[in-house]
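Good morning, everyone. Please look at the screen while I talk. I'll start with empty space and then turn to helices and the backbone.

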Amino acid sequence: MDYPQRFANLPVATWPRLRGLLDAVQPGGDPINMTIGDPQHPMPPFLAEAMAAQIAGFGGYPNNDGSPALLDAISRWLYHRYGVTVGADRIMALNGTREGLYNAAMALCPEIKAGATPVILTPNPFYQVYAVAALSVGAEPVYLPATAETGHLPDFAALPADVLDRTAIAYICSPANPQGAVASEDYWRTLIGLAEKHDFKIFADECYSEIYRDTRPVGALQVAQEMGADPERVVVFHSLSKRSNLAGLRSGFCASGPRNIAAIRSLRAYAGAPLPGPVQAVSALVWDDEAHVTASRALYIEKFEIADRILGNVPGYVSPKAGFFLWLPVEDGEDAALRLWAETGVRTLPGAYLSREISGFNPGAGFIRVALCGPTDDVARGLTHLRDTLYQ
């Protein structure tokens with residue numbers, strides 16, 4: 001039996017690859033998992049009671065597009081957070097943002113762009129669904145290095161005009177996973193200007209927008225609105241996973257112009273799984289509450305201060321502006337992760353597992369990603385082990 005070849009060259013996925021590297025080795029101490037971005041801060045205090053009150057809703061089919069209450073709550077949040085007015089016809093409820101980032105490409109990427117195979121641009125390193133989405137729609141993925149030299153964000157403006165003319169979609173994550181870099185208003189203006197000039201869409205993955213230290217990250221929709229850009233030019237993706245410590249709820253949304261959202265809704269009516277009704281009901285309450293978000297952000301700020309204190313003298317250490325990852329320079333990411341696990345029980349992620357080698361260069365190879373999601377004491381202990389093992 002033949003199988004499709006479009007996915008034949010995919011590397012082993014991140015987490016099976018990590019298990020293959022570390023699981024055959026006994027940890028050298030009490031395990032501290034600093035790999036996956038799995039928020040461990042308290043959930044909103046009202047969640048359990050609110051979910052129990054909605055339990056009967058699991059007996060019925062849910063609204064595919066998002067209930068009016070949920071869409072209204074998201075619309076309010078977008079206005080209060082970014083100052084943008086986005087009606088219900090411009091919002092789509094999602095089972096978390098990963099499926100949305102994938103299915104939006106399925107719904108919106110044309111078969112031909114500028115008379116040729118379309119291009120989908122992605123930062124490198126990157127959230128791995130971007131690449132699979134490009135392959136699924138038959139586009140050519142083009143990986144743009146996001147390194148210290150580019151401010152840890154891709155330099156879209158450096159691309160040749162013929163590549164930009166073929167571009168259908170540009171993925172961008174701000175605050176960036178894994179480096180914590182934040183796109184400035186000028187950065188967004190440049191990218192949106194390129195999209196307007198070369199007629200492509202921007203998929204702005206803003207899932208880490210509420211985890212920041214000093215200044216709230218500017219959003220793609222707000223800059224696009226200020227510029228008077230085509231409302232269809234930008235699609236933003238948000239989630240309760242990071243903002244509200246609810247990764248298991250699988251609740252997010254995308255927002256864009258009405259034509260984009262109509263196309264996404266049409267496809268998902270056939271091929272998508274709507275959020276369960278009780279999840280939609282409690283999600284509306286969570287989007288309307290900021291107190292738990294503020295409390296969680298304070299905990300992350302405390303952990304970033306711990307990281308600065310423990311690792312501040314490490315050559316190449318960059319204190320991130322946002323998100324909850326450290327992107328730490330090492331000689332070899334796999335060797336460093338294996339050594340840490342074997343000698344101390346600290347579990348980290350080789351940076352190369354989040355990036356692709358292009359023309360002999362893998363921008364993640366000399367890094368490890370460290371998640372600051374666990375309890376404060378575990379973070380401090382894990383970072384101390386890491387410093388003493390890798391940087392002394």
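How much space lies in the largest pocket? About 840 Å³. Keep in mind that this is a predicted model.

Who sits around that space? The largest pocket is lined by 35 residues. Closest to its centre are Trp 15, Ile 36, Arg 98, Tyr 127 and Gln 128. Some helices give two or more residues to this lining. They are helix 1, helix 4 (96-108), helix 5 (129-136) and helix 9 (240-243). By class, the lining has 18 nonpolar, nine polar and eight charged residues.

Next, the second largest pocket. Its volume is about 200 Å³. Its lining includes a run you can follow on the sequence: Tyr 212, Arg 213, Asp 214, Thr 215, Arg 216, Pro 217 and Val 218. Val 182, Ala 183 and Ser 184 line it too, along with Lys 321 and Ala 322. Here the classes are six nonpolar, two polar and four charged.

Now for closed space. How many cavities of 30 Å³ or more are there? The count comes to one. The space in this cavity is about 50 Å³. Among its lining residues are Pro 123, Pro 125, Ala 146, His 152, Leu 153 and Pro 154. Ile 172, Cys 173, Ala 176, Asn 177 and Gln 179 line it as well. What classes do they fall into? Eight are nonpolar, three are polar and none is charged.

Hold on to His 152 and Asn 177, because both come back when we reach the backbone, and both line the cavity.Now to the helices.

Helix 1 covers residues 14-22, and helix 13 covers residues 333-344. They pack at an angle of about 60 degrees, with axes 10 Å apart. Helix 1 and helix 13 are therefore oblique to each other. Their crossing is right-handed. Which residues meet? From helix 1 come Arg 17, Leu 21 and Leu 22. From helix 13 come Glu 334, Ala 337, Leu 338 and Trp 341. This contact of helix 1 with helix 13 has five nonpolar and two charged residues, and no polar ones.

Helix 13 has another partner, helix 14 (residues 376-390). The axes of helix 13 and helix 14 come within 10 Å and cross at roughly 115 degrees. That makes helix 13 roughly perpendicular to helix 14. This crossing is right-handed too. Helix 13 brings Ala 336, Arg 339, Leu 340, Glu 343 and Thr 344. Helix 14 brings His 385, Leu 386, Thr 389 and Leu 390. By class, that contact has four nonpolar, three polar and two charged residues.

Last topic: the backbone. Most residues other than glycine have a negative phi, and most peptide bonds are trans. Where do we find exceptions here? A cis peptide bond joins Ser 174 and Pro 175, with omega about -5 degrees. Another cis bond joins Asn 177 and Pro 178, with omega about 20 degrees. Pro 175 is in the loop between strand 5 (167-173) and helix 7 (185-198). Pro 178 lies in the loop between strand 5 and helix 7 as well.

Then there is His 152. Its phi is near 60 degrees, a positive value in a residue other than glycine. Find His 152 in the loop between strand 4 (140-145) and helix 6 (161-166).

That's my tour. Thank you.

Notes: Residues numbered from 1 in each chain as written. Predicted model: local features only at pLDDT ≥ 70, side-chain atom pairs only at ≥ 80, totals over all residues. Heavy atoms only, no water. Axes fitted to C-alpha atoms, helices over the stretch in contact; angles between N-to-C directions. Helix = DSSP H or I, 4+ residues; strand = E, 2+ residues; numbered from the N terminus. Parallel < 35°, antiparallel > 145°, perpendicular 65-115°, else oblique. Left-handed = near helix turned anticlockwise from the far one by under 90°. Contact = heavy atoms within 4.5 Å. Nonpolar A, V, L, I, M, F, W, Y, C, P; charged D, E, K, R; others polar. 1 Å grid on protein atoms, 1.4 Å probe; cavity = no way out; pocket = protein on both sides within 12 Å on 5 of 7 lines; lining within 4 Å. Points joined across faces, edges and corners; volume = space filled by probe spheres on them.
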